[in-house]
Amino acid sequence: MTTTTPPPLTLEPALPDDLSDFSTRLQASFAPAVERETGHPSPEPIPSDQELAASFDAPGAEVFHVIQGGERVGGAVVVPGREPGHRSLELFFIDLGREGQGLGRLAWRAIEEHYPDTRVWETFTPHFEVRNIHFYINVCGFHAVEFFHEGHPHPEPPGGPTPPEGSAESFDGEDRGFRFEKVMPTR
């Protein structure tokens, strides 16, 4: 019996002209989870174009295609954290139809290797994204460190500044989710 080793997985910086396709692929990969949660397709892409633009334009943001065998199979947006040695995985996806092949694990490993000076990683995922929760905790070694909900709203909701506390807009149920951290072993 012969087994073949899959082609290596690499990260390639996305160019400004790539961002439209990157956004479309990312939104397509997020759509099934939203539909599972709500029972119907979202009338708006998730994340919104505005949220994606904010991530791409964040200070220090790096946008990467995940490449395997010369083909784009996913993507990631990484931004510097609030403290030295910290980074945030703002967006991460494997293309629709490519999930379940171990690409996420390989992509995460490539991201960690690309940033060997990172001591603490942070990311967020919605409460209903069970596959993401499993992936971050059981595959990548993150720990849930905070849960955002009506009584504990996210301080920086996606897409803009925090509305005044107590206002009707101060919490959107869609902002319910987990903040994860991964403390890297010292080398």
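User: Where is His 40 placed?

Analyst: In this predicted model, His 40 sits in the loop between H1 and H2. With a relative accessible area of 44%, His 40 is partly exposed.

User: And what does His 40 touch, not counting residues up to four places away in sequence?

Analyst: His 40 touches Val 34 and Glu 35 once residues up to four places away in sequence are set aside.

User: What about Pro 47, where does that lie?

Analyst: Pro 47 also lies in a loop, the one between H1 and H2.

User: Is the peptide bond from Ile 46 to Pro 47 cis or trans?

Analyst: The bond from Ile 46 to Pro 47 is cis, and its omega is near -10 degrees.

User: Let us turn to the helices on either side of that loop. At what angle do H1 and H2 pack?

Analyst: Helix H1, residues 19–38, and helix H2, residues 49–57, pack at an angle of about 125 degrees. Their axes are 11 Å apart. That angle makes H1 oblique to H2.

User: Is the crossing of H1 and H2 left-handed or right-handed?

Analyst: H1 and H2 cross in the right-handed sense.

User: Which residues meet there?

Analyst: From H1, the residues are Leu 19, Phe 22, Ser 23, Leu 26 and Gln 27. They meet Asp 49, Leu 52 and Phe 56 of H2. By character, the residues of this contact comprise five nonpolar, two polar and one charged.

User: Which residues of H2 are buried?

Analyst: Leu 52, Ser 55 and Phe 56 are buried in H2. They lie on the same side of H2, because they cover an arc of only 95 degrees around the axis.

User: Which residues are exposed on the other side of H2?

Analyst: Gln 50 and Asp 57 are exposed on the other side of H2.

User: And what do the buried residues of H2 pack against?

Analyst: They pack against H1 and three strands: E2 (62–68), E3 (71–80) and E4 (86–94).

User: Back to H1 for a moment. Is Arg 25 buried or exposed?

Analyst: Arg 25, which is found in helix H1, is buried, and its relative accessible area is 13%.

User: Which residues is Arg 25 in contact with, leaving aside neighbours within four places in sequence?

Analyst: With those neighbours left aside, Arg 25 is in contact with His 65, Arg 72, Val 73, Gly 74, Phe 93 and Asp 95.

User: Ser 20 is in H1 too. Does it count as buried or exposed?

Analyst: Ser 20 counts as exposed, at 55% relative accessibility.

User: How far apart in space are Ser 20 and Ala 53?

Analyst: The C-alpha to C-alpha distance between Ser 20 and Ala 53 is 9.9 Å, while in sequence they are 33 residues apart.

User: What about Ala 58, where is that found?

Analyst: Ala 58 is found in the loop between H2 and E2. Ala 58 is partly exposed, with a relative accessible area of 23%. From Ala 58 to Glu 90 there are 32 residues in sequence and 9.8 Å in space, C-alpha to C-alpha.

User: Changing topic to H4. Which of its residues are buried?

Analyst: In helix H4, residues 130–139, the buried residues are Ile 133, Phe 135 and Tyr 136. Seen down the axis of H4, they fall within an arc of 165 degrees, so they line one face of the helix.

User: Which exposed residues does the face turned away carry?

Analyst: Val 130 and Asn 138 are the exposed residues on the face of H4 turned away from its buried side.

User: What do the buried residues of H4 pack against?

Analyst: The buried residues of H4 pack against E4, helix H3 (103–114), strand E5 (120–126) and strand E7 (177–183). E4 also packs against the buried residues of H2.

User: Which residue with a positive phi follows H4?

Analyst: Gly 141 follows H4, and its phi is near 85 degrees.

User: Finally, the overall picture. How many helices and strands are there?

Analyst: The protein has four helices and seven strands. From the N terminus on, the elements run β-α-α-β-β-β-α-β-α-β-β.

User: What share of the residues counts as buried?

Analyst: Of the 187 residues of the protein, 36% count as buried.

User: And how much of the contacts comes from residues 24 or more positions apart?

Analyst: Such residues account for 64% of the contacts in the protein with a separation of 6 or more.

Notes. Residues are numbered from 1 along each chain as its sequence is written. This is a predicted model: local features need pLDDT of at least 70, side-chain atom pairs count only at pLDDT 80 or more; totals for chains, interfaces and linings use all residues. Side-chain values use heavy atoms; hydrogens and water are left out. Axes are lines fitted to C-alpha atoms, for helices over the stretch in contact, and angles run from 0 to 180 degrees between N-to-C directions. Helices (H or I, at least four residues) and strands (E, at least two) are DSSP runs, numbered from the N terminus. Angles under 35 degrees count as roughly parallel, over 145 as roughly antiparallel, 65 to 115 as roughly perpendicular and the rest as oblique. A crossing is left-handed if the near helix is turned anticlockwise from the far one by less than a right angle, and right-handed if clockwise. Contact means heavy atoms within 4.5 Å. Ala, Val, Leu, Ile, Met, Phe, Trp, Tyr, Cys and Pro count as nonpolar, Asp, Glu, Lys and Arg as charged, and the others, Gly among them, as polar. Buried means under 20% relative accessible area, exposed over 50%, partly exposed in between (1.4 Å probe, protein chains only). The arc is that of the directions from the helix axis to the C-beta atoms.
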